[in-house]
Structure formats: structure tokens, C-alpha cells
Amino acid sequence: MTHMKANDLAALDRAHALHPWQNLDPDPGDSPLVISRGEGCHLWDADGRQYLDAVGGLWCTQIGLGNAEMAKAIADQAQRLAFSSTFTDITNDPAALLAARLAALAPDGLSRVHFTTGGSTAIDSAYRMVQFVQAARGFPERTHVVARQHSYHGSTFAAMSIGLRDGDRAAGFTYKDDTIHHVSAPSLYRRPEGMETGDLTDHLVAEFEAEIERIGAERIAAFFAEPIQASGGVLVPPPDYLARMAQVCRRHGILFVADEVVTGFGRLGEWFASEAVYGVTPDIICCAKGLSSGYQPIGAVIFSEELFKDMEGHGWYVSGYTYAGHPVACAAALKNIEIIERDGILAHAAAVGANYQKAMRRLSDLPIVGDVRGACLIGCVENVADKATKRPFPDEVDIGRRISDAAEKRGLLVRPMGALNVMSPPLILTEDQVDFIEENLRAAIIEVTDDLVRDGVRVA
Ligand SMILES: Cc1ncc(COP(=O)(O)O)c(C=O)c1O
């Protein structure tokens, strides 16, 4: 592509690009890392340095990078039919085949698919769909939705309003907060003071019931929930939490929207996590990311036959994107699903994921590791200044970033997120690579802890 050096490419980037979530403070800090090549679980920067990508791109490179079969499927489709719209009453062969494939993989009853361009647009479309369905059912006043604090559902206006992560709300910009409400996240580590872990579900269910009572069930269209809150801090709920919340929804005629943008396509060792892992059959599943392993931008809203039947006969369903059902993206997703199935990648993810979880939990012996949590191939380390009190480091320590930088020097990419270091490695991760992550993350945390102590930062 180019023979330019990483520094020159970084200078071009600095001069012209504004990144998603770019820090605009006057001191730009490090130069951006310029990635030039990927193969399996590894990345190489423009100067040829190799990294193990424990971030998995952005929760998405399930089958790993550089897959020749995928590249061929994409090239073949681009040659045969690079674009064709799927608006109103036209489609293309990969889009039709993928819709059927997703209907077959999804929990029983979820047999309808509305394609989007990614996760945010899937959430945005689902937000419209739940109101459309409720109106079609004769409940046009059901326009409110409930979601959780610390959730991330994407970056369109609606998706950003449904999510609510610390620091995500841009100053001077208004969000839709009159009809979108948030209840507490199921955070076992930072649960209310003095509460036993076994009481958390009861507490959260009671809070949800109270919020429904406050808003009025007759005004609520849907509840939006990620099975595991990923970008909100890898919050793994108590095992019975989602099923109990779903029961409350059913009792009140509230639709359950599972945001499986991260948890879908094998991240938890199953095609979808809601039903297979947590025993909930949602009305709607939103997915993206692992659907194509990141090879092409694509998302989908998978919804129940029952919802579709209710929508039928109610005029136009108005939601769509030029690139919805894009033939090349759909061809990539079809090939991705074929590879995951043929190569037994779900079973591999479950097996290697169990060892990855054990390896990460061994980091708990380190003095600043307050919590290690996750499931299968999603995980995070929460770093604290005091393990007994869970006291966080002051913001200026920027602990997650410091540890990620120290890991990067060792050839390991882990994602900094406030006090956390977050991981979602490709599902093809090997046992040796689990060892590499453990060894180098441990070394990075120790190095940063020693530096902090030397600089006089109090570490209990
Ligand atoms: C749970 C969840 N939902 C939705 C999204 C938005 O997806 P996208 O960035 O593809 O629009 C993300 C992205 O990280 C996500 O983690």
C-alpha cells in the first residue's frame, strides 16, 4: 500500500483526522499507533513491530485477521455484485441467504431480520421498531424505554441516549432524556455497600419494578440490555438477573431488546448469549461486530415472528440505510458464519475461554488488582489504589492507560477504559497466547505499580 514510516503516517493523521472519542486536550500525548497488517491474533504497526491484539479490534475480530477464505469471498462478491439496494422490494442473493441463516441461528421464534450498517444503527432501528410494534398492538402511548446505567449501545443520537456511560455525554449537547430512563447496572464488584452478592438480583428487580411503577407500565415500550455490559466495564450480571428482569418485562407487556453486539457470535461460546447462557428469549436481538468478524461493516436486528405479525398491515416501516443488506458485507458474514461452524470455533472459544478466565483471575494476587471479571473470551482487570476499600486511583494517574502503554511496549494490546484494562481477544486464541497475555499483563501491572510507588502515589 505505502512505504511511509509510522511517524510520517502519524503526522498525517494528526494533521487531518478526528478520531472517534479523540481527546482534544492541548497535550496530544503519544502519537497514534499506526497499524498496517493483521494475521490471526496479531497486528503489526507501520514500523513492523508485532503485537498480540487482546482487544480483538474492538470486540469484533472473532475468526482472526488475514483469513484468505474471507478475503476471497469478499473479492468474489465485489466482482459479481458490489452494490445493490435492499430498499422496499428489492434484494440480493447474499442478503436473502444471510437473513435465512441468522433466523436459523437465532433462538426459536426469532425468524425476521432487518439489516443495518453496524451496532448503533441496529439499536437505533430497534428503538423505532419497539414503538412501531406497540402502536400496531394498540398501545401508541408506549413510547418510553428503560435501559441501564453504565451501558453503551452505540453512537447515533438514539443509541447514545439509550446508553449512559460516565463521560460519554458531550457538554452542550442534549440527549433524549424525557422518554429514556436508566436503572442501576448489575455490578457485583461495586454493589451497594453492605449488600451480599446473593441479594443483588432482588435489589435490582425491585428497583426496576419501582421505576416501571413511577413511569407507568402503560407508557413503556421496551427494556434494552446487553447480556454482559461490555464497554460499561465488563459487568457480568448475577446468573439469574437477566431472566428475572425479562419476567418483569413480560408481566408488564414490555418488549425485551438484547443488545448482543458484543456477546453475539461466539464471544461467550454460543451464537447468541441471551438464551443459551442466560435463559432469556428476547423479542429482539441486535447484533453486529462478530457477525462479520470485523471484515465488513454490518449489523442486524433479529426479531420475532410474533412481532412481525403484529407489524403487518400497519403501513410503512420507516428505517433503513443505503448500505443495509450490502451484498459484500452479507457475503462476508455468510463466510464468517461458515468458518465459525466448520472449524468448531464456538467450542474452541468455550474451552480456551475457560483457561483465559483462570489465567486472568491469577492476576488478583497483585496489589492494585481490585477485581478480575469476565466470562469466556471477554474480560477485564479493575485497578484500584486500595483493595480493601476499593478506593480508585486519582483520575490524573490514568491507571488503565499507563498499564496499556506498558503492555504495548511488551507487544500486548489491552484496552484502557478509565481504571480498567479490557480484553476481548479473537476466538481463535491459543493456549500459548493465553500465557502470553497473562505474563505480559502481569509484568505491565508490576512495572506501573513500581513506578507509582517510586513517584509517591499511595498504594495499599
Ligand atoms: C454493546 C454495544 N452495542 C452497540 C455498539 C455500537 O456498535 P457500532 O460501533 O458498530 O455502531 C457497541 C460498540 O462497541 C457495543 O459495544
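**Notebook: helix packing in a predicted model**

I began with α13 and α14, and I noted that these two helices are oblique to each other, since their packing angle of about 125° is neither under 35 degrees nor over 145, and lies outside the range of 65 to 115 that counts as roughly perpendicular. I am working from a predicted model throughout. For orientation, I recorded that α13 covers residues 399–409 and α14 residues 431–454, and that their axes are 8 Å apart. I then looked up the handedness, and the crossing of α13 and α14 is right-handed.

Next I listed who meets whom: Arg402, Ile403, Ala406 and Ala407 stand on the α13 side, while α14 contributes Asn440, Leu441, Ala444, Ile445, Glu447 and Val448. Sorted by class, this contact holds 7 nonpolar, 1 polar and 2 charged residues.

I moved on to α8, residues 241–251, and asked myself which of its residues are buried. I found Tyr241, Leu242, Met245, Ala246 and Cys249, and, looking down the axis of α8, I saw that these buried residues fall within an arc of 125°, so they line one face of the helix. As a reminder to myself, an α-helix has 3.6 residues a turn, so residues three or four places apart point the same way. On the face turned away from the buried side of α8 I noted the exposed residues Arg250 and Arg251.

I also checked what the buried residues of α8 pack against, and the partners are the helices α7 (200–215) and α9 (273–278) together with the strands β7 (220–225) and β8 (255–259). After α8 comes Gly253, for which I wrote down a positive phi, near 70°.

Of those partners I followed up α7, whose axis comes within 10 Å of that of α8 and crosses it at roughly 25°. An angle under 35 degrees counts as roughly parallel, and α7 and α8 are therefore entered as roughly parallel to each other. The crossing of α7 with α8 is right-handed. From α7 the contact takes in Thr201, Leu204, Val205, Phe208 and Glu209, and from α8 Tyr241, Arg244, Met245 and Val248. I counted these residues by class as 6 nonpolar, 1 polar and 2 charged.

My last entry concerns Asp166, which I located in the loop between α6 (157–162) and β6 (180–183). Is Asp166 buried or exposed? Asp166 has 10 C-beta neighbours inside 10 Å and therefore counts as exposed, the cut-off being 12 or fewer. I noted too that its C-alpha atom is separated by 10.0 Å from that of Tyr152, a residue 14 residues apart from Asp166 along the chain.

Conventions: Residues are numbered from 1 along each chain as its sequence is written. This is a predicted model: local features need pLDDT of at least 70, side-chain atom pairs count only at pLDDT 80 or more; totals for chains, interfaces and linings use all residues. Axes are lines fitted to C-alpha atoms, for helices over the stretch in contact, and angles run from 0 to 180 degrees between N-to-C directions. Helices (H or I, at least four residues) and strands (E, at least two) are DSSP runs, numbered from the N terminus. A crossing is left-handed if the near helix is turned anticlockwise from the far one by less than a right angle, and right-handed if clockwise. Two residues are in contact if their C-beta atoms, placed from the backbone, lie within 7 Å. Ala, Val, Leu, Ile, Met, Phe, Trp, Tyr, Cys and Pro count as nonpolar, Asp, Glu, Lys and Arg as charged, and the others, Gly among them, as polar. A residue is buried if 20 or more other C-beta atoms lie within 10 Å of its own, exposed if 12 or fewer, and partly exposed in between; C-beta atoms are placed from the backbone. The arc is that of the directions from the helix axis to the C-beta atoms.
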